[in-house]
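Dear colleague,

I am handing over the structure we spoke about, which you will find just below. Please look through it first, and then read on for what was found in it.

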Amino acid sequence: MTRPAAAAEPLAPAPDEDGPADAPAAWTADDDWTDEALALLRALRAPHRRNRAKQAAFALYCTLLILVIWGGIPSLGLFLQASMGADYTAHGPDLLAAMPSGIAAAGLAVLLLAVRDGLWRGPVVPPRATTDWLLAHPVRPRPVLRPWFWLSCGLAALPGLVGAVGGMVALGLTVRVGLPAALGWCLAGGACLPLLGVCAGLLVQRSTRAARWARALTPPATVLVLALAAQSALAVAGHPVPWLERIELWSGPWGWAGIAALAPTPAAVPGAPLAAALLLVPTALCLVLADRAAATVPLPLLRERARTAAGVLAALRTVELRAARLAVTGASGGGRQLRVRLPAPRRPHLVLYWRDTLSLLRSPARLGRAVLLTVPALLCGVLADGTRGALSWGVTALALLFGYLALAQLLEPARIETDDVRRASWSPYPFADLMLRHAVVPTALGLLLAGLGTGTVLACGGGTAAWAAPLAVPPLVAAGLVNACRGPARRDLLYRSPQPAGGSTGLLFFTAWYAAGPAVALPVLAPPLSAALRAGTPAHLAQALVIALVLAAVLLHWARSRAAALPRLAGPS
């Protein structure tokens with residue numbers, strides 16, 4: 001192997017003459033074997049790279065096949081029907097009303113997810129072998145790390161491209177906009193926002209100060225996303241706020257994408273070329289700067305992120321979803337606790353409730369998520385009041401889903417208890433009875449949140465149907481407790497099928513086991529609560545209350561049975 005001539009400049013600063021005598025000497029260009037090492041690795045890993053290329057090509061083929069089958073062919077059928085006289089323009093005004101706030105909410109959510117990804121993984125995360133072995137040697141990091149950054153850019157831009165094509169189809173059918181113009185204007189936001197998110201994720205990955213700002217701004221950004229989504233829904237319902245939408249559209253890249261998407265439509269906002277330029281030019285500049293900064297990520301940080309990513313991937317492969325979630329939360333700094341103190345109770349039977357309350361108060365992020373998820377639950381409940389039939393059931397089920405997710409945030413002490421049943425050795429109660437007592441504090445807090453929501457709806461002019469919100473709290477808490485007591489992952493269910501000659505239904509069995517609580521609670525609660533929301537009479541509310549209490553009792557009995565089996569599953573230890 002012939003080595004090229006060394007560069008004149010050293011690749012690392014020379015050691016300080018006043019430094020310690022035993023400090024290792026910095027390596028210079030004379031020690032640089034980067035090109036030779038990479039060429040040797042390419043030659044040695046050629047068979048592996050060919051296999052990975054085949055796997056990537058197959059994954060891309062499957063993705064394109066799914067997009068064509070589930071997106072391309074139905075869209076082509078809709079356009080053929082439109083050419084034969086079908087009219088879809090009745091949905092155009094609703095789409096145009098939803099686009100300003102809706103696109104701003106989606107764009108801000110994309111940037112928020114990219115920034116949160118930079119807190120625990122980031123766009124520059126090579127494999128562990130690269131960080132543990134290759135980068136520890138005197139090689140230039142730039143040729144090693146740049147491909148991973150651009151791979152992240154490509155993977156991020158693909159969903160944006162799909163979204164732009166979807167926007168083109170929607171505008172072409174409902175607004176009768178020219179397809180090339182719609183695609184071009186939608187691509188301005190669909191391509192630039194994900195790439196800006198990747199650049200922001202790299203900044204958060206390599207800068208401790210940026211990471212602190214990202215953690216601090218996540219709660220208000222999440223609230224803003226939900227508020228924009230709610231405003232979009234209100235605009236579709238006939239209550240737009242034009243001056244506020246104009247402010248949102250010019251507030252940042254998330255709004256500029258909406259201005260560009262609206263450009264070929266009758267609802268175009270003045271300044272669309274400027275908004276497109278504000279998207280394209282900063283994106284190109286950020287990509288150039290990020291390309292240079294990709295090689296400056298510290299090696300210890302790369303090793304930490306590579307281990308975290310490998311652990312999360314291993315947990316996902318073994319279907320340990322809670323372990324993956326805890327790994328992500330711990331790496332992103334979401335598990336920080338406040339030092340809150342409560343006076344200890346004097347009665348022994350109150351100790352458990354004191355511990356649960358203290359645990360939730362020391363994790364304000366969970367309380368915040370519970371409050372935030374309560375808002376869309378109430379909004380969906382309000383929308384269900386004005387619908388009929390199956391649509392009302394669906395919207396009510398969506399409201400119950402948001403309510404379940406809100407209450408599930410309050411059941412973390414119960415889930416921690418089931419992670420390791422040995423933690424319950426302090427308790428004088430049997431493990432099954434202990435788990436039932438863990439439902440008291442979440443139920444009380446859930447009733448408090450539901451009561452506040454009911455009071456807000458009543459103050460805004462809502463009827464007695466608003467009292468349906470507290471009725472759903474006990475069965476949803478019981479459903480969450482059923483899930484908390486499910487025990488170790490039943491991976492054997494993934495390989496079961498009741499039809500030996502047919503296709504495998506293991507994924508369906510595993511999903512039914514994993515989400516057993518809400519899978520039972522939501523379909524049972526949706527019809528009576530939908531009737532109570534639509535009618536709003538005391539008789540319908542009383543009927544819904546009876547069904548909710550009976551369902552809560554059944555689910556609590558089921559959770560107790562599951563909890564009683566957990567110590568046996570854990571073994572003698």
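A fitting place to begin is Trp-150, which counts as partly exposed, because its relative accessibility of 36% falls in the band between buried and exposed. Please keep in mind throughout that this is a predicted model.

The neighbour in sequence, Phe-149, is buried instead, with a relative accessible area of 0%. There are 4 aromatic pairs by the rule applied here, and Phe-149 and Trp-150 make up one of them: the ring centres lie 5.2 Å apart with the planes at 70°, so the pair is edge-to-face.

Another aromatic pair joins Phe-510 and Trp-513, and this pair is tilted, with 5.6 Å from centre to centre and 40° between the planes. Both residues belong to helix α21 (residues 506-514), where they are 3 residues apart and therefore separated by about one helical turn. Phe-510 is buried at a relative accessible area of 6%, and Trp-513 is buried as well, at 11%. Ring pairs also bring in Tyr-514, so that Phe-510, Trp-513 and Tyr-514 are linked into a cluster.

Turning to charge, a patch of positive charge on the surface gathers Arg-42, Arg-45, Arg-49, Arg-50, Arg-52, Lys-54 and Arg-317. Helix α2 (residues 46-83) supplies the largest share of this patch, namely 4 residues. Arg-49 has its place in helix α2, and this residue is partly exposed, with a relative accessible area of 41%.

With best wishes

Technical notes. Residues numbered from 1 in each chain as written. Predicted model: local features only at pLDDT ≥ 70, side-chain atom pairs only at ≥ 80, totals over all residues. Heavy atoms only, no water. Patch = residues over 30% accessible without salt bridge, like charges linked within 9 Å, V, L, I, M, F, W, Y side chains within 5 Å. Areas by Shrake-Rupley, 256 points an atom, 1.4 Å probe, with all protein chains shown as cover. Salt bridge = Lys/Arg side-chain N within 4 Å of Asp/Glu carboxyl O. Lys, Arg positive; Asp, Glu negative; His and termini not counted. Charge placed at Lys NZ, Arg CZ, Asp CG, Glu CD. Helix = DSSP H or I, 4+ residues; strand = E, 2+ residues; numbered from the N terminus. Buried < 20%, exposed > 50% of the residue type's maximum accessible area, 1.4 Å probe, protein only. Phe/Tyr/Trp six-rings, centres within 6.5 Å; stacked < 30°, edge-to-face > 60°.
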